[in-house]
Structure formats: C-alpha cells, structure tokens
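Please look through the sequence and the 3D structure below before reading the report.

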Amino acid sequence: MELHPIILEDLERITKEDIDFEKLRDATVLITGINGMIASYIAYTLFYLNETRQLNIKVLGLARNEEKVKNRFGSILRRKDFGILLQDITKPIQTEEKADFIIHAASQTGPRQFVNDPVGTIAANTTGTKNLLDFAREKKSRGVLFLSTREIYGKSLSGQEFVSEEEYGAVDPTLVRSCYPESKRMSETMCAAYRQQYNVPAKIIRIAHTYGPGMLIGDGRVVGDFLKNVIQSQDIVMNSDGSAVLGLTYISDLIAGLFLSFLNFPDFVYNVSSHKGIVTVKELANMLADMYPEKQIKTVFKEASPEVKAGYLASKIPLLDSRKAVECGWEPKVSLKEGFKRTVAYGEWNEQN
C-alpha cells in the first residue's frame, strides 16, 4: 500500500493487538463516511490485514463526494478488494453487494456544520442510521458498529468528572447546537430497537476527541485549529480561557479499541477514550508551542466571534470513563506528545505534497 510510513507504523501497531480479525475472513465490510479520518483508518487496517494475513476482506466504502474519495485514497482505489458506493447516507442504500459487517462512521462532526446545517446533521444521524439498520436487516449482516459520541451524555446532573456507560445527563433540545447530541441519542435508540425487534446485531462505541494523520486541519474544532497553527508556524490562537478539558485519543489506539469492542467484547455499549490524553485546552496549546521551539510559536487569546461561539457546547460535559473497555482488554498506548509529534510530522509532509 502506498501510505505514509507513520500510517503504516500505526497499522502495524493496530494489527499486533489481540483482536479476533479472523471473524472478518472472506467478509464484505461496508464503511460509511469513508472520507473521514477514522473511517479511512479502518479501511487501511483491513487492507493491511489482507496484505499481511491474506484475510480476503472486501471493503465497500460509502461516500457522497467522489473528488474527496480520490484525494483521500489515490492509487488505493485501484485495489481489487476496494469498492466505492457514491450516495448520500440519507437515501436508502443502493447496492447488490453483500454486507457481512457494517461500520457506520458517517456524520457531520464540526461545530460549523452544527450551526450552519443543523437539519443536515440531524438527517445524517437519524435517517442515515435507519437506512443502515434496514440494510443490515435485509442483508442479514453479522455485525453493525455505530460510532457515537461523548456528547450524548449531556450535562452531568451530579457534577462528576467522568461518566460510565450507564450514566446520563441533560441536553437542551431547543438549542440548535443540540442537533448533534440529540440525533446521536436517537441513533443509539434505533440501534437498541433494531436489536430487540429484528435481531440486528448492533453495537455502540462512544468516542471523544480523536486526532492523528489525516484529520481535518483548521476545521473550527480546537485540536484541528491548533494543529493548523503549528504546521504553518503560526501563533496558537485560543478563543477561550483554555480551561475546558479535552479527552484526546490517538488514532491507532482508537482503531484498536473499536475493533476490540466490535469483534472481541461481549456488551452492547462501550466508551473508548484514552486516559493518557486528558488535558485542558490551555495545557495543549502550551505543550504544542513548547514542542517546537524552532518555530517560535506563542499562545495568544482572541475573542471568539458570535458565529464561533454558537458552535460551542452550552455546558460542560463529563469525560468518558473507559474502564469497561480497559477491563476487557483495551490498552491505549500512545502518549500525547508522541501522538502529536506523529500528527504534526504527517501534516507538514502533507502540506508539501
């Protein structure tokens, strides 16, 4: 595979984990949102397994934008084990291909999208999920993995810092910004309903902030914006006092956690978020500036515009307690500094190519 060495190292790390990849032998895996960082890394992992273990997995990637697919995958599109389904997830799935396993990663995830296209955000997360579950039922899929979010927990009612899979807070449904967590909540309920009524073998994985090679840079989210500043040797701009706490997970740790939860672990719902990546926004900004003294980067504060503020969460939400996944065998291994060194190195290379 023609991939950057950093990504290939990540794939080697993922596939060395004790994951029951044999369940995927000779299977077709449909991955929605294939242009995204997480979905593309899942696809890369499956291709890597075909090359190193000859598992004969067929990857079917669903996407809306053909040009983005070409930019993301390049020569990989010529692989015989890769097919692309060009359509909107809000339309019924149109393919004669089988779908032994489905990984649903298609979703609008940026604050700007929540504010500028709340209806589209809701549609992708509700109508899109229903279309996938109907398709899984029709194809008698052996597994469906739904990627959910920390935001479904809402504002903690008891003020705890971490939240487990059985604890839920409040989300104000009248806020436009709630289009994302509320529609993700509905998607989770649909997964539960299809499991109970139609025996569709769905699982839910709740994740927080994921970073790594291939992530969107300068997309309005704090990590992507900071990375853009570092890669382009600009001062790091904070639009707040930096006290908000992030739960960051490097991409290879996340992908290992997703596959373990999907293929190895027995329960319906898991939190997957690294304890190694808990940091305030200000601490992250200072860490990144200190990591690259040659760039002479400073951290500066700039008052956010009303449009930017509209994309902020209205209230603090807890971090994910991932003890259940850890006790089952997931172990995040990449530290913040290592993860960001890898991400910045890839980003600098990508800027020049």
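The report below takes up one helix, a pair of strands and the cysteines.

This is a predicted model, in which local features need pLDDT of at least 70 and side-chain atom pairs count only at pLDDT 80 or more, while totals for chains, interfaces and linings use all residues. Residues are numbered from 1 along each chain as its sequence is written, and side-chain values use heavy atoms, with hydrogens and water left out.

Helices (H or I, at least four residues) and strands (E, at least two) are DSSP runs, numbered from the N terminus. Helix 5, residues 118-139, has 22 residues and reaches 31 Å from its first C-alpha to its last, close to the 32 Å expected, where the expected span is 1.5 Å times one less than the number of residues. Helix 5 bends by about 25° at Ala-124, the bend being the angle between axes fitted to the seven residues ending there and the seven starting there. Just after helix 5, Lys-140 takes a positive phi of about 55°.

Strand 7 (residues 202-207) and strand 11 run parallel and are joined by four bridges, where pairing requires that DSSP finds at least two bridges. Within this pairing, Ile-205 stands opposite Tyr-270 of strand 11.

By the rule that a disulfide is a pair of cysteine sulfur atoms within 2.5 Å, the count comes to zero. The table lists two cysteines; buried means under 20% relative accessible area, exposed over 50%, and partly exposed in between (1.4 Å probe, protein chains only).

| Cysteine | Closest cysteine sulfur | Relative accessible area |
|---|---|---|
| Cys-191 | Cys-179, 19 Å | 1%, buried |
| Cys-328 | Cys-191, 19 Å | 36%, partly exposed |
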